[in-house]
Amino acid sequence: MAESWDGSYDFGSQSDVSSNFERLHVEPIYDAFVCPLTKQVMVDPVTLENGQTFEREAIEKWFKECKESGRRPVCPLTHKELCSTELKASIALRNTIEEWTARNDAVQLDLALRSLNLASPESDVLYSLKHVQYICRKSRSNKHVVLNAEFIPMIIDLLKSSSRKVRCIALETLRIVVEEDADSKAVLAEGDTVRTIVKLLSHEQSKEREEAVSLLYELSKSDVLCEKIGSVNGAILILVGMASSKSENVLTVEKADKTLENLERCETNVQKMAENGRLQPLLNQILEGSQEAKLSMASYLGDLVLNNDVKIHVAKTVGPSLINIMKSGNMQSREAALKALNQISSSDPSAKVLIESGILPPLIKGLFTVGTNQLPTRLKEVSATILANIVNSGYDFDSIPVDSDHQTLVSEEIVHKLLHLISNTGPAIECKLLQVLVGLTNSQFTVFSVVSAIKSSGATISLVQFIEAPQRDLQLASIKLLQNLSPHMGQELADALRGTVGQLGSLISVISENIGITEEQAAAAGLLAELPERDLGLTRQMLDEGSFRLIIIRVVQIRQGEMRGTRFMTPYLEGLVRVLARVTFVLPDEPDAIAFCREHNITALFTELLQSNGLDNVQMVSAMALENLSQESKNLTKLPDLPAPGFCASVFPCFSKQTFISGSCRLHRGICSLKETFCLLEGQAVAKLVALLDHRNEKVVEAALAALSTLLDDGVEIEQGVQVLWEVDGVRPILDLLHEKPTENLRRRAVWATERLLRTDGIAYEVSGDPNLSTALVDAFQHADYRTRQIAERALKHVDKIPNFSGIFPNVG
């Protein structure tokens, strides 16, 4: 008879559960239904020749064992030998058992149905769910019974239970119910069921996540549900995270991955996967999909935001395919490919991969083609953007042919075509093509070819005119290009900037804009800094237009901390200081420059800038400016009115003596000041310049020494200059420069300064025993250029290393 069904039933293993449910019967079980071998109700009963009935699978196994053991077949019950092992199906018995089973299953399902609700005790709900699983596993036809009895909506409702165990078993039950059953899956496709299952993917309990993803995997085998699952917000994101998780159990990771593989059948899902970091399905579509899929995925790839590592992978995987699509005559195909290539070319390493895949020839052809196959303007802009990305990757473009004539990007004809295109397109394309030229002129290997092509095309004026472009990105590109060109064609650019057209004023406006420090401002300052410093016309125009006054304001603001540092702070300040220093190069020829320097106490500013630690170029240029200012001091010093000599002194000069005027400069013998005559003695600049002689950068040392050398120059009191250097401990650092293996320029200056110092007997006597100095002077005497060897000879005479009568060189003052 049937066993009682109480809620305290404890689940064991799957086999235990099945065995327990097998013993639950509403109708009595008859002995004829039970196989003597398996002790379970038969499914396919068969009869032997002796009339005994067994489960087909069980008796076949028995006969096989008899044969393998070498025994003749016998009946398992009577143990009598059988003449035949023929099995006769017991159709009547089977039908009777099936009818009995169906009646029992129906009644048991009806009992289970009563407990499948949120109000039932947890134990009853769990028991009912397990029974539904058992019934569905017994027979596929039972699944239709479950479906028709509307079990599925009730089980779905249990997913809202507060019990984790109920939710977990409900998920498991739904998976068993819908396995290989399209009708049951269709029920789950209705309403928000899929959304609820997806929500359970994020629950804390790992078993619950495992059951949820297992159910989704089963559902994803349906095309309709593939689209449904993908449409749930966050579903693919969560699945991608699970598939790549290091903390989930292996089964969950595997099921998540297989679910995603099934979802790939829907194009929208592939795009969402790519958006959430699973890019390979999209790349596979570009490589192997239909023509329509290739275009769709290439276009979508162009909209994705990818990190640089991913861009490299994409370029290596589909770069050649995209380039082939770009070559197509179909404009829609070319647009999709260009869109994708634009995205992946924006990283230097991925751009280099595209170069090696052969992107340049078709890209250049597309830009320059005119006629029926020419690209529309919007695609020319994309092509120009890709070319700008590629050129700025730092590749050596001097060796890559871009057409059948083996011309390269820096061939004169190609550069001429680029310049022509710049002059005949709109601002967007102009900007990108200027960026191409910026990239080509960034390289020391290609800049000379571009400069030569620009000069031969006469495009300098046209390029300078872009400084006044209203579009900021176009203006920036033009200024950066001109900055790169300025070291190589500075005079041409200076000539183009001079005059009344307004480009110079536009540059100054950019530099002096009070909007923080931008790349554009740094580039504009760098451009002006590279122009010939002794171009008097340009400097006069800048003085007339008040340019230097604006530059001083910006330098002072930076020094006072009113403008906070950005990554463009250093090049901006370096450029400003170089531009400001140019006013000191025209002092002998331009009275307005002298007046300007006096008005703004320019010597004090450059003296302060000597202490810009860490900014070598600022220190170097400041020292150079102070050299120029100091050179002009002897021309600006006001000589005092001396009293007329007495009668005896006028008749007998031996009675006269040099008159010293109190308050006069001992170096220039007149009235000096830092502001009016730019005298370094008055500005405490000497000690700061001496400190720079110990600088690690030899160019800074050379500039500082050049400025200090003005204290020893002709036209000043050299002995007083030596004394000034002695007082600030500057003599020994100058002498030490000679034996520190300086550059040729620095050695030339150091030999000159040393010779001037040694004219003072006290200095010559003190260092005469210094072997290092003597060795350095002898080396200069033997190996330096002609002029330096002359000076080294005189220096050696001062320390008695060469007799005065041994003049090797003509006497030179």
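Here is a short chat about a few helices and domains in this predicted model.

Reader: Before we start, what am I looking at, and how are residues numbered?
Author: This is a predicted model, where local features need pLDDT of at least 70, side-chain atom pairs count only at pLDDT 80 or more, and totals for chains, interfaces and linings use all residues. Side-chain values use heavy atoms, with hydrogens and water left out, and residues are numbered along each chain as its sequence is written, from 1.

Reader: Where does UniProt place the U-box domain?
Author: Over that stretch the chain is 38% helix and 10% strand, and its end C-alpha atoms are 13 Å apart. Helices (H or I, at least four residues) and strands (E, at least two) are DSSP runs, numbered from the N terminus. The record is an unreviewed entry, and UniProt annotations may be inferred rather than shown by experiment. It puts "domain: U-box" at residues 28–107.

Reader: How far apart are the C-alpha centres of domain 1 and domain 2?
Author: These bounds come from an automatic or database domain assignment. Domain 1 covers 31–94 and domain 2 covers 116–277. Their C-alpha centres are separated by 42 Å.

Reader: Is Asn269 buried or exposed?
Author: Asn269 sits in helix H14 (residues 267–275). Beyond its neighbours within four places in sequence, Asn269 is in contact (heavy atoms within 4.5 Å) with Cys226, Glu227, Gly230, Ile236 and Leu263. Buried means under 20% relative accessible area, exposed over 50%, and partly exposed in between (1.4 Å probe, protein chains only). Asn269 has 1% relative accessibility, so Asn269 is buried.

Reader: Why do the buried residues of H42 count as being on the same side?
Author: The residues in question are Leu773, Ser774, Ala776, Leu777, Ala780 and Phe781. The arc is taken from the directions from the helix axis to the C-beta atoms. They share a side of H42 because they cover an arc of only 165°.

Reader: Which residues are exposed on the other side of H42?
Author: The buried residues of H42 pack against helix H39 (731–736), helix H40 (744–757), helix H41 (761–767) and helix H43 (786–798). On the other side of H42, the exposed ones are Pro771, Thr775 and His783.

Reader: How many of the residues of H40 are buried?
Author: Helices that cover the buried residues of H40 include H37 (698–709), H38 (718–727), H39, H41, H42 and H43. Among the buried residues are Leu746, Trp752 and Leu757. H40 is mostly covered, with the buried count at 10 of its 14 residues.
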